[in-house]
Amino acid sequence: MSLLKSFLLFIGLMACAVSGPSFAQSDAEALRPLINDLAKGKYAETEKQIGELVATGDPAVAPALEALGEGDLYFRKSDRMVFIAHKAGKGYALTDPLTLEPAGEAGRREVTKIKVNNKLRRVLRSALGSLTLMAADPQVRQAAAQAIFKAQDPEGIDALNAALAAETDDGVRKVMEEARAAAVLNSDLDDAQKLEAVRTLSDMGNRDALSLLIGVQSSADGAVRDAATQAITKIRKSIAAWDAAQNIWYGLSLGSVLLLAAIGLAITFGVMGVINMAHGEMVMIGAYVTFVVQELIRTSAPGLFDYSLFIALPLAFLASGLIGVAIERGVIRWLYGRPLETLLATWGISLILQQAVRSIFGPTNREVGNPEWMSGAFEIGQMTITYNRMWIIVFAMLVFTGLMLVLKKTPFGLYTRAVTQNRRMAASMGIRTPWVDAMTFGLGSGIAGIAGVALSQIDNVSPNLGQGYIIDSFMVVVFGGVGNLWGTLVGAMTLGIVNKFLEPYAGAVLGKIFVLVIIILFIQKRPRGLFALKGRAVEA
Amino acid sequence: MMSSFLFRAMDARAGIFLAIMAAVIILIPAGNLLVPEGSAFHVPNYALTLMGKYLTYALLALAVDLVWGYCGILSLGHAAFFALGGYAMGMYLMRQIGTRGVYGDPNLPDFMVFLNWQELPWYWYGFDMFWFAALMVLLVPGFLAFVFGWFAFRSRVTGVYLSIITQALTYALLLAFFRNDMGFGGNNGLTDFKDILGFNIQADTTRAGLFVASGLALVICFIICRSITRSKLGKVLVAVRDAESRTRFLGYRVEHYKLFVWTLSAMMAGIAGALYVPQVGIINPGEFDPANSIEVVIWVAVGGRGTLVGAVLGAVLVNFAKTWFTGALPDIWLFALGGLFVFVTLFLPKGIVGTFSQGWTALRQRRISQALEAGSGEAPDAPPHSPSAPANVTHATPAPKATDPQPAE
């Protein structure tokens, strides 16, 4: 209840702030006698006074009423002026109840608290509710209505009726109607009204309405009870649908993370047939590039912080891509046609890269900040969508589309596909296959680098960042089918969604184990993945 | 017939290896127990345990070499079988603690009391008996390998695909064993062992005994592997490695051969794990780490893929280097290990033993041909280390097939 009270105080203060100082100033003197009358004494008198204050309909009286409820309202014995007072040292610091400006101090014996009892507190609460329901700011009105909804306060019905008559904002009106329905169900009004209320709540259809209706179901009887039961069934169905939608969203989000991590691998493993165990380290390097860029921006140009990711993207692509080309030229090209040896050599490279990063940046996690536009969240229906997850999904799709375009529409993509399908024939046609190999490997590694920029926003940036993704990425590529980017997309999204749907039943770790087992079994059935290459390319 | 099987396993190289092993098994424990502490020949306790650990690693490497070197199955999940064997032994050792645990519960290990478990889970039954635990050390990894292999080989999952799903297997087990409610001690694993077969596990004599047991296990498994690889079965395995489809078309049931050698190898890895645990005194899910499995592969590659002696040598050498590096220059170790991966695959594809024996054979060939050209006219002897493998006895073959690994595709 105290939570509700402080909430109402907050609303009241907001109402004051919004209604504007000039408004408060002009009426302050007219209101002051009414406020001072609160000090008259008896509870009954005080209650009458509260009624008169509310009748003015001026939100400026809200802080005084709130302070009264909290027991912070005092009057000065000498002139019976009323103040909001807080303990300060030996005495009290006084605040003017209307203007909310400091009004000096008073000794402990100079002021007396205005007493309240439980009945008065209740009166105060509904009084504050109706005051804020009439506030000028729609957000304040909405918050007040929501407070009544939570409290299910039947005494709020009259205030709500009045407020509804004056309400112009449709959104706020809806919230008020819901609040009214909640209050009606808790009152002793007739069944017709209650049925109407149940209908309103049933349309509302979220968890709050559900718990309210479950309460109604157990307490009411007859037609109301039946209506509540029906409404509960309906709401449960809609909540289940929303939950599924939320799971799909989480799954897509996880899937796009997997896609980002795996898509570079799909190129090096899928298109070139090279097992790159150092792929995860390319992702890690991309994340560390982001870290370095942000550090530089922090020290030299703090204003650019919101653009740090855009600056980091090309740099990460270049850094990882160049390292990739170096690895291809230095090691992998000697090992073509020996996939198992390639696997071992690139594993060795991954150890070296990890240790190098650990020596340079230290073994601990590094702080990479979220820019303004990536933090926060918004709601659709009953789903909460965080901005960073949403941008990562968008980003993954952009990367995927971009890569598709590069492979399908550019001369470089044409060369790559030609070399993939028939290396010797491509060479005979004048394509420099070693150059294409190096560039393709660089492209795959560069994509891993920009994946690292994205992953730095949602994961810890540490030397072990890449290791966490390498097995998952391989699973995605193998599951989706080697040599096919669409397969990678479908594979990543499927694994992401399956993972998220298993999690509520099996827990995160067990869910992951299930997924691994499912993939192991799946590979038995389709050893070459969902979208297997067909025809001659398979033999190559 | 059995004797000829065993006889064929022997040649000069195997003889030298077994002689060295015999010396190690006898001299090192003797140096620890009999030689007084001040003497130059005294083997300190830590060195004994360390070398015992190397022997179990060598056994693990032998198991990996059997499948990778001879059958072309690159397993990135052998640490899983190693750890399972280790857990089976660890469970026996946990049950032996009895009332001496922190909580003094006669039945439940400490971590179960800590987690408020009331009863022993069913899969812990029987582990208070050594014979049962010893059986499980063989059967659990063997069964897992059999089921996994049966599925994988039947549907012809080969090459890197197989490697990656073996890695997924050990990764899945890693995650599973980290869970507390699996009943295997979760993150902390099993530790705080007191005694084994009634002997105090900390005592010098027990440690020496474990060392000898590891050595003997290594020797026995070496002889088994050697017998297999030198038999007709071994030739088929090499054929599978070098040209799987062709072997299949010749009428061999490739998947049966693979499954047999794969399961056998997993059991050996299990034994290695079981001997490893009492010597280091702990088993935890970290042993399932996919990185461990890959490290085993590099031991084999360093020593010489497809040479059993090479696997043992590689395991001991790399681990010795690891011990030294992590003590003296801890930051350099991963650079060194990573560099080793790259160096060995690029410049030493046959490993130390393979390169050495290739060089030696080439030298001999040259000498023989020089002798022939000089007109001494004597027919050359059979090549040095395969007296009973007539398929290899030709002048044109510089090295026997078995020491010349080629990827299947």
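**View 1. Helix H14 of chain A and its span in the predicted model.** With 23 residues at 1.5 Å a residue, H14(A) should span 33 Å, and because its end C-alpha atoms lie 32 Å apart in the model, the expected and computed values agree. Of these 23 residues, 18 are buried, so the helix is largely enclosed by the rest of the structure. Just after H14(A) comes A:Gly362, whose phi is positive, at about 85°.

**View 2. The side of chain A that touches chain B.** Here 33 residues of chain A are in contact with 39 residues of chain B. The elements that give two or more residues to this side of chain A are helix H14 (339-361), helix H19 (467-480) and helix H21 (508-525). H14(A), the helix shown in the preceding view, gives the most, with 14 residues. Sorted by class, the side of chain A that touches chain B has 25 nonpolar residues, together with 5 polar and 3 charged ones.

**View 3. Chain B, the partner of chain A in this contact.** Chain B contains 15 helices and 4 strands, and 44% of its 409 residues count as buried. Among the contacts in chain B with a separation of 6 or more, 77% are accounted for by residues that are 24 or more positions apart.

Methods:
Residues are numbered from 1 along each chain as its sequence is written. Chains are lettered from A and ligands numbered from 1 in the order in which they are written. This is a predicted model: local features need pLDDT of at least 70, side-chain atom pairs count only at pLDDT 80 or more; totals for chains, interfaces and linings use all residues. A residue is buried if 20 or more other C-beta atoms lie within 10 Å of its own, exposed if 12 or fewer, and partly exposed in between; C-beta atoms are placed from the backbone. Two residues are in contact if their C-beta atoms, placed from the backbone, lie within 7 Å. Ala, Val, Leu, Ile, Met, Phe, Trp, Tyr, Cys and Pro count as nonpolar, Asp, Glu, Lys and Arg as charged, and the others, Gly among them, as polar. The expected span of a helix is 1.5 Å times one less than its number of residues.
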